[in-house]
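Grab a coffee and open the viewer: here are some short exercises, each with a worked solution. Try each task before reading on.

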Amino acid sequence: MNPSDDRRLRALWQSGDAGIAALPLAEIKRRAGTLSDGIARRNRREYIAVGLVTVIFALYAAFLPGYWLKTGSLLIIAGALVAGRQLARRTSQPDPGAEAGDIRTYYRARLVTEEHMLMRVGRWYLAPLIPGLAVFLAGLAPSLSPFGFVALVAVHALVFLGIWLLNRRGAAMLRRQIARLDAAAPSKGEN
């Protein structure tokens with residue numbers, strides 16, 4: 001290795017591009033399968049959560065006293081259903097014929113769809129739940145001390161912030177995978 005190679009490698013390492021090395025086709029196929037499995041598991045968990053929220057808050061709406069708690073419960077159900085519908089609409093869908101087509105393009109398209117969905121999770125997942133949660137918490141306020149009410153609001157705000165941050169982090173990880181795919185030009189016979 002001559003000094004110019006050493007400088008070039010050092011510059012590459014310092015630029016961070018070393019972590020974005022090209023992916024071989026077999027690795028892309030493996031990752032596409034892993035991505036499909038992960039998306040299916042995540043969607044099942046989210047749909048189960050929507051079902052649980054619907055049942056629990058339907059019981060709250062039926063049995064809790066006061067219009068604030070009943071209205072908040074119904075708004076939370078509506079928000080959960082909207083979030084579930086948006087998940088079904090926004091998530092990338094598996095393509096059974098992808099193995100016969102261009103797997104790299106297919107995998108990249110799914111990554112881009114998931115990245116966009118995770119980046120906008122505040123709009124389609126969290127925002128529909130906020131009105132119902134705010135009304136429900138307002139209904140709880142008379143039964144709590146001021147400190148208890150603030151603590152309850154803070155806990156919910158932290159949970160929402162955590163969900164938003166985790167999804168932003170997931171989107172950043174997907175952007176790195178997309179960059180790795182883009183760094184690799186397909187060789188002849190690969191697709």
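**Exercise 1. Find the surroundings of glutamate 115.**
Task: work out which residues glutamate 115 touches, leaving aside its neighbours within four places in sequence.

Solution. Keep in mind that you're looking at a predicted model.
- Step 1: look for contacts of glutamate 115 beyond its neighbours within four places in sequence, and you get Ala171, Leu174, Arg175 and Ile178.
- Step 2: place the residue itself; glutamate 115 sits in helix 4, residues 103-119.
- Step 3: check its cover. The relative accessible area of glutamate 115 is 9%, and the cut-off for buried is under 20%, so glutamate 115 counts as buried.

**Exercise 2. Work out how helix 4 runs against helix 7.**
Task: decide whether helix 4 and helix 7 are roughly parallel or antiparallel.

Solution.
- Step 1: take the geometry. The axes of helix 4 and helix 7 (residues 146-183) come within 8 Å, crossing at roughly 155°.
- Step 2: apply the cut-off. Angles over 145 degrees count as roughly antiparallel, so helix 4 is roughly antiparallel to helix 7.
- Step 3: add the hand, which is left-handed for this crossing.
- Step 4: list who takes part. Helix 4 brings residues including Tyr107, Leu111, Glu115 and Met119, while helix 7 brings, among them, Arg168, Ala171, Leu174 and Ile178.
- Step 5: sort the contact of helix 4 with helix 7 by class, and you have nine nonpolar, three polar and seven charged residues.

**Exercise 3. Classify arginine 168.**
Task: is arginine 168 buried, partly exposed or exposed?

Solution.
- Step 1: locate arginine 168 in helix 7.
- Step 2: its relative accessible area is 31%. Partly exposed covers what lies between 20% and 50%, so arginine 168 is partly exposed.
- Step 3: see what it touches. Setting aside neighbours within four places in sequence, arginine 168 contacts Leu118 and Met119.
- Step 4: compare sequence with space. Arginine 168 and methionine 119 are 49 residues apart along the chain, yet 5.5 Å separates their C-alpha atoms.

**Exercise 4. Follow helix 2 to its partners.**
Task: describe how helix 2 packs with helix 3 and with helix 4.

Solution.
- Step 1: start with helix 3. The axes of helix 2 and helix 3 are 8 Å apart, at an angle of about 165°, so the two helices are roughly antiparallel.
- Step 2: note that helix 2 and helix 3 cross left-handed, and that their contact has 16 nonpolar, four polar and three charged residues.
- Step 3: turn to helix 4. Helix 2 (residues 25-63) and helix 4 have axes that come within 10 Å and cross at roughly 40°; this crossing is left-handed too.
- Step 4: pick out the contact residues. On helix 2 they include Leu25, Ile28, Leu35 and Ile39, and on helix 4 they include Ile103, Tyr106, Tyr107 and Met117.
- Step 5: by class, the contact of helix 2 with helix 4 has 10 nonpolar, one polar and six charged residues.

**Exercise 5. Put helix 6 into the whole chain.**
Task: which helices do the buried residues of helix 6 pack against?

Solution.
- Step 1: name the buried residues of helix 6 (residues 130-140): Gly132, Leu133, Val135, Phe136, Leu137 and Gly139.
- Step 2: their packing partners are helix 2, helix 3 and helix 7.
- Step 3: zoom out. The protein chain has seven helices and zero strands, and 30% of its 191 residues count as buried.

How values were computed: Residues numbered from 1 in each chain as written. Predicted model: local features only at pLDDT ≥ 70, side-chain atom pairs only at ≥ 80, totals over all residues. Heavy atoms only, no water. Helix = DSSP H or I, 4+ residues; strand = E, 2+ residues; numbered from the N terminus. Buried < 20%, exposed > 50% of the residue type's maximum accessible area, 1.4 Å probe, protein only. Contact = heavy atoms within 4.5 Å. Axes fitted to C-alpha atoms, helices over the stretch in contact; angles between N-to-C directions. Parallel < 35°, antiparallel > 145°, perpendicular 65-115°, else oblique. Left-handed = near helix turned anticlockwise from the far one by under 90°. Nonpolar A, V, L, I, M, F, W, Y, C, P; charged D, E, K, R; others polar.
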